[in-house]
Amino acid sequence: MDLDQPTLPLTGDVRIPLLGFGTWQATGEDGYQAVLAALDAGYRHLDTATMYGNEKEVGRAVAESGLRREDVFITTKLPADRVGRERETIEASLDALGVEYVDLWLVHWPPPAPGDSIPVWREMLAARDENLARAVGVSNYSTAQLDELIQATEETPAVNQIRWSPSLYDRQTHVAHRDRGVALEGYSPFKTSDLSDPVLVRIAQAHDVSPAQVVLRWHIDHEIVVIPKSVTPERIRANADVFGFSLTAEEMRDIDALGG
């Protein structure tokens with residue numbers, strides 16, 4: 001893994017880049033071109049999922065980027081309705097991506113039937129132990145749901161991917177993940193952000209960057225993984241250009257306060 005970008009240690013010797021590229025709704029040729037543009041812009045972390053229907057395009061872009069497999073961190077996700085078909089699903093993902101392993105495999109949503117969460121989690125752990133995934137975790141889980149898995153298996157999810165942005169900032173949730181050793185990964189950083197908020201605009205002007213870049217840097221300075229998505233080459237490049245500045249402690253507190 002190229003360590004020019006900030007990363008967060010997960011279980012074992014796995015490190016996840018704090019900035020990732022989200023690929024939800026990036027399908028077909030547009031999806032392929034977007035992922036290629038992201039890799040060209042410097043992203044080294046790609047986030048896909050079985051339900052996105054674009055693993056083949058993501059894999060093709062990685063293969064054609066000229067980058068070494070070990071220099072690109074790839075995440076995919078198991079749909080909640082695939083209970084009992086976990087192994088078949090990861091094998092299909094690996095086949096579509098054209099890789100021998102993913103760096104991170106997540107349970108996309110908690111399974112709808114209450115008793116299913118722990119058996120699914122055991123299957124995720126089995127896939128990790130067979131080196132089909134270097135790390136495993138969950139998405140859209142509450143703290144109580146994380147604790148259920150940890151108590152049942154004594155195995156902590158490496159990551160919990162949830163909706164996150166300044167307006168959703170919740171210190172208790174942030175601390176709960178850190179206390180358990182679960183990396184917090186935020187998705188939809190802009191969807192719930194008011195990029196015209198005076199606080200974001202003021203801080204952006206102080207650093208000569210955009211409010212969107214401030215939102216991404218806020219995640220990174222909190223050591224929260226963030227996966228912005230775009231299919232526009234200019235925006236893809238701008239979203240990757242967040243390593244030339246950092247926020248002061250006071251600016252971080254002002255942005256945290258947007259979570260009210």
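1. A convenient place to enter this predicted model is the side chain of Arg 69, which lies over the face of Tyr 101 at 4.2 Å from the ring centre. A second arrangement of this kind involves Arg 60, which is placed over the face of Tyr 32, with 3.5 Å to the ring centre.

2. Tyr 101 appears again among the contacts of Arg 134, a residue that also touches Asp 13, Val 14, Val 102, Asp 103 and Arg 128 when residues up to four places away in sequence are not counted. Arg 134 belongs to strand β7, which runs over residues 133-139, and its side chain is joined to that of Asp 103 by a polar contact of 2.9 Å. Is Arg 134 buried or exposed? Arg 134 counts as partly exposed, because its relative accessibility is 33%, a value that falls between the limits of 20% and 50%. As for its position relative to Gln 161, the two residues are 27 apart in sequence, and their C-alpha atoms are 17 Å apart in space.

3. Two positions carry annotations in the UniProt record, and they should be read together. The unreviewed entry lists Tyr 52 under "active site", while its "binding site" annotation covers His 108. In the model, Tyr 52 sits in the loop between β4 (45-47) and α2 (55-64), whereas His 108 sits in the loop between β6 (102-107) and α4 (117-129).

4. Which residues does Tyr 52 contact, leaving aside its neighbours within four places in sequence? They are Thr 23, Trp 24, Thr 27, Asp 47, Lys 77 and His 108, so the two annotated residues are in contact with each other in this model. The contacts of His 108, with the neighbours within four places again left aside, are Ala 49, Met 51, Tyr 52, Lys 77, Leu 78, Pro 79, Ser 139 and Asn 140. His 108 is buried, with a relative accessible area of 6%, and Tyr 52 also counts as buried, at 13% relative accessibility.

5. Lys 77 and Leu 78 are found again in the surroundings of Trp 105, whose contacts beyond four places in sequence also include Thr 76, Glu 86, Ile 90, Met 124 and Val 136. Trp 105 and Leu 10 are the residues with the most contacts inside the largest nonpolar core, which has 70 residues. In soluble globular proteins, nonpolar side chains tend to be buried together.

6. Thr 153 is part of helix α5, residues 143-153, and it counts as buried because its relative accessibility is 14%, which is under the limit of 20%. Its side chain makes a polar contact of 3.3 Å with the side chain of Trp 121. Apart from residues up to four places away in sequence, Thr 153 touches Ile 118, Trp 121, Arg 122 and Leu 125.

7. Finally, the aromatic rings deserve a look. How many aromatic pairs does the structure hold? There are 3, and one of them is the edge-to-face pair of Tyr 169 and Trp 218, with 5.6 Å from centre to centre and 75 degrees between the planes. This pair links distant parts of the chain, since Tyr 169 is in the loop between β8 (159-163) and α6 (171-180) and Trp 218 is in helix α8 (residues 211-221), 49 residues apart. Both Tyr 169 and Trp 218 are buried, and ring pairs join these two residues with Trp 164 in a cluster.

Technical notes: Residues numbered from 1 in each chain as written. Predicted model: local features only at pLDDT ≥ 70, side-chain atom pairs only at ≥ 80, totals over all residues. Heavy atoms only, no water. UniProt positions renumbered as here; feature names shortened; annotations may be inferred. Helix = DSSP H or I, 4+ residues; strand = E, 2+ residues; numbered from the N terminus. Buried < 20%, exposed > 50% of the residue type's maximum accessible area, 1.4 Å probe, protein only. Contact = heavy atoms within 4.5 Å. Polar contact = N/O pair within 3.5 Å; in protein donor to acceptor, adjacent residues only side chain to side chain. Phe/Tyr/Trp six-rings, centres within 6.5 Å; stacked < 30°, edge-to-face > 60°. Lys NZ or Arg CZ within 6 Å of the ring centre and 35° of its normal. Core = buried A, V, L, I, M, F, W, Y, C linked by side-chain atoms within 4.5 Å.
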